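Welcome! Take a look at the sequence and the model below, then work through the exercises one at a time. Each task comes with a worked solution.

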Amino acid sequence: MDQIIKDLLKKHESDMDGLLKEASASLNKEQLAWVSGYCAGMTEAKRQVAACVNSQGVAQGSSHALAISVAGEGLTVLFASHSGNGKGVAKNVFATVQKRGLKASVHSMGTYKLKDLKHEKNVLFIISTHGEGVPPGSAEELFDFLSSNRAPRLDGLKYSVLALGDKSYVNFCKAGITLDRKLEKLGAKRVFDRVDCDVDFASDAERWMLGALAAFGDLPKDSGSASLPGSVIPSGGLSGGNDYSAKNPFQAMVLAKVKLNGRGSDKETYHIELSLEGSGIRYFPGDSCGLVARNSAGFVGDVLSKLRLPGTQDVVVPAGQLSLAKALEGYELTVLTTDVLKKHNAFAASSALQVVIDDVTKLKEYLYGRDFIDLVREYPVTYTSQDLLSVLRPLPARLYSIASGPSAYDEELHLLVGALRYNAFGRNKEGVASTFWADRIVEEETVPIYIKHNEGFRLPQDGKASIIMIGPGTGVAPFRSFVEERAALGHTGKSWLFFGHQHFITDFLYQTEWQRHLEEGSLTRMNAAFSRDQHEKLYVQHKLIENGDDVYRWIEEGAFIYVCGDMKRMAPDVQDAFVKIAEKQGALAPDQAVEYVKR
């Protein structure tokens, strides 16, 4: 079948309809479905069939559609993923039903044909929540559709929802909760209760998958036609060519640790180089490095002192039996979550704390900047050692954007880390992982890491494509990776970097490297905004608007836009800047400009 598609491409100047009819005569029913599934909906058959074949001539199809679907038949899995977790779960579901010989299809919500939903019979929905309750971009159209007057009745649909999220956010798994309620309102029948997953989601996701599949009952058997293209994920799988993970990290040697800020800076930023020698780890520009950090012994001692508990007492944890002090190094203590407050109040029985928990506004305000010591100080509890652990959640790994181009270094990985230190509620506090790097790690020691792939943050495959990168502070990390990778591979596409920080003299991260890339042509343009070097604060969004003419021209020419940094403050300001640019340069009405940026 691969050869048939190759032959079609060689004849690309001929009439494609005729060629497809000719080729179809030599295909059986399953092969024809396979080809038509990939070509369906393509407006330019010649161009799009070519996109279905990689350099080895292996059919790939859309990077979002994982299998062939006939709406209403078998099991359909729809996923919307921000960083790839949801897609990974969808892949596992597909593999499981394939082993059982059942008919199934898997789609990104962003490419699924919404008109088919009313014909579906059995659907599993997998959706992540981004930040404070925001669904992934690929799910926006589905959410709008289900909320509109065009939404069909779904009385014939059986479904279940898996929601992925992070309990450190107040609106934990809100996207999944919202989707579940929308489906129920439209008449769909929930056959298995929604499962809301924290960052350590693997066991909960498997429980949901097995329970949901059992709840659907008899599903049609698969004829053997559908398969999962290997091109859906990077070669080597989601683990980067190995089995390293938060539970099984690789011990990477620290080759270098350099403080980048000049004397007198209010910031503390480190460039860190790690050796991957012998690991087999492969990563891509845009991926993250997970650090399995531990709480400092000093902070654990402060917690134990506040609770008046002996750190030497043995407790039972998933890894076995440890002293309480050692066990607490692996539990979340510096960040509070809604779940922790609820569990704590089961012991404290405080009506005042319950008022906080029940009021979203008060809850957000309370959680910001407080840690577990603050909580027990304000709402005291006498804990036993084991009860204490039942309230806390395991310490999640911390993710850092990789700051090196994999093709530019041999078995190395670089990070850019800003140490977090602050004073709140009468105490000096610090970030767990950032001060782990800053204070407790020295060169030639090893650190436990793994790779977290991010398929939604990738360089364009076309090396001639233009890119615009906006990365203030440590948000510039992935763009160092982007520029280095394109330089190493000889890509000729234009690149434009917008960087921001406080002061030019002390905080211009990687200044000499950017200057070299500009001289060599691997970076086309750069604009920097230093917010504290003048009376009026100047940020990256101001530089975007200042260069609006050229920014708009680059966008119109097809430039890819990347933003990395503070999601709560910087990202909305940058989004608004692009809307203003579209309004002015494109002569668009405000609502048209918003739609332009959305597209």
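## Exercise 1: The antiparallel sheet

Strand β9 (residues 288-291) and strand β16 (residues 446-452) run antiparallel and are joined by 4 bridges; helices (H or I, at least four residues) and strands (E, at least two) are DSSP runs, numbered from the N terminus. This is a predicted model, in which local features need pLDDT of at least 70 and side-chain atom pairs count only at pLDDT 80 or more, while totals for chains, interfaces and linings use all residues. Residues are numbered from 1 along each chain as its sequence is written, and side-chain values use heavy atoms, with hydrogens and water left out.

Task: Find the bridge partner of S288 in β16, then place the two strands in their sheet.

Solution:
- Step 1. S288 has K452 as its bridge partner in β16.
- Step 2. Two strands pair if DSSP finds at least two bridges between them. With antiparallel pairing, an open sheet of 6 strands has the order β12-β9-β16-β7-β8-β13.
- Step 3. At the edges stand β12 (398-401) and β13 (412-418), each with a single partner strand, so one side of each has no neighbour in the sheet.
- Step 4. On average, neighbouring strands of this sheet are turned by 40° against each other, direction ignored. Axes are lines fitted to C-alpha atoms, for helices over the stretch in contact, and angles run from 0 to 180 degrees between N-to-C directions.
- Step 5. Now add helix α16 (residues 432-440), which lies across β7 (250-259), β8 (269-275), β9, β12, β13 and β16 and runs at about 65° to β12.

## Exercise 2: One residue in β8

Task: Is T269 buried or exposed, and which residues is T269 in contact with?

Solution:
- Step 1. Locate T269 in strand β8.
- Step 2. Buried means under 20% relative accessible area, exposed over 50%, partly exposed in between (1.4 Å probe, protein chains only). T269 has 3% relative accessibility, so T269 counts as buried.
- Step 3. Contact means heavy atoms within 4.5 Å. Leaving aside neighbours within four places in sequence, the contacts of T269 include V258, L260, L416, V417, T474 and L509.
- Step 4. Compare sequence and space: T269 and S434 are 165 residues apart in sequence, and their C-alpha atoms are 9.4 Å apart.

## Exercise 3: The parallel sheet

Task: What is the order of the strands in the open sheet of 4 strands, and which residues of β17 are buried?

Solution:
- Step 1. The order is β19-β18-β17-β20, with parallel pairing.
- Step 2. β19 (525-530) and β20 (560-563) are the edge strands, each pairing on one side only.
- Step 3. From one strand to the next, the twist averages 10°.
- Step 4. Strand β17 (residues 467-470) runs parallel to β20, joined by 4 bridges, and I470 has V563 as its bridge partner there. β17 also pairs with β18 in the parallel sense over 4 bridges, where I467 is partnered by S495.
- Step 5. I467 and M469 on one side of β17, and I468 and I470 on the other, are all buried, so both faces are covered. In a regular strand the side chains alternate between the two faces of the sheet.

## Exercise 4: A helix and a core

Task: Which residues of helix α11 are buried, and why do they line one face of the helix?

Solution:
- Step 1. In helix α11 (residues 338-348), the buried residues are T338, V340, L341, H344 and N345.
- Step 2. Seen down the axis of α11, these residues fall within an arc of 155° (taken from the directions from the helix axis to the C-beta atoms), so they line one face.
- Step 3. They pack against α12 (351-358), α13 (360-367), α14 (372-378) and α15 (385-391).
- Step 4. A nonpolar core is a set of buried Ala, Val, Leu, Ile, Met, Phe, Trp, Tyr and Cys residues joined through side-chain atoms within 4.5 Å. The largest one has 34 residues, and L328, L341, F372 and L375 have the most contacts inside it.
- Step 5. Among the elements giving two or more residues to this core are α9 (297-307), α11 and α14; α9 gives the most, with 5 residues.
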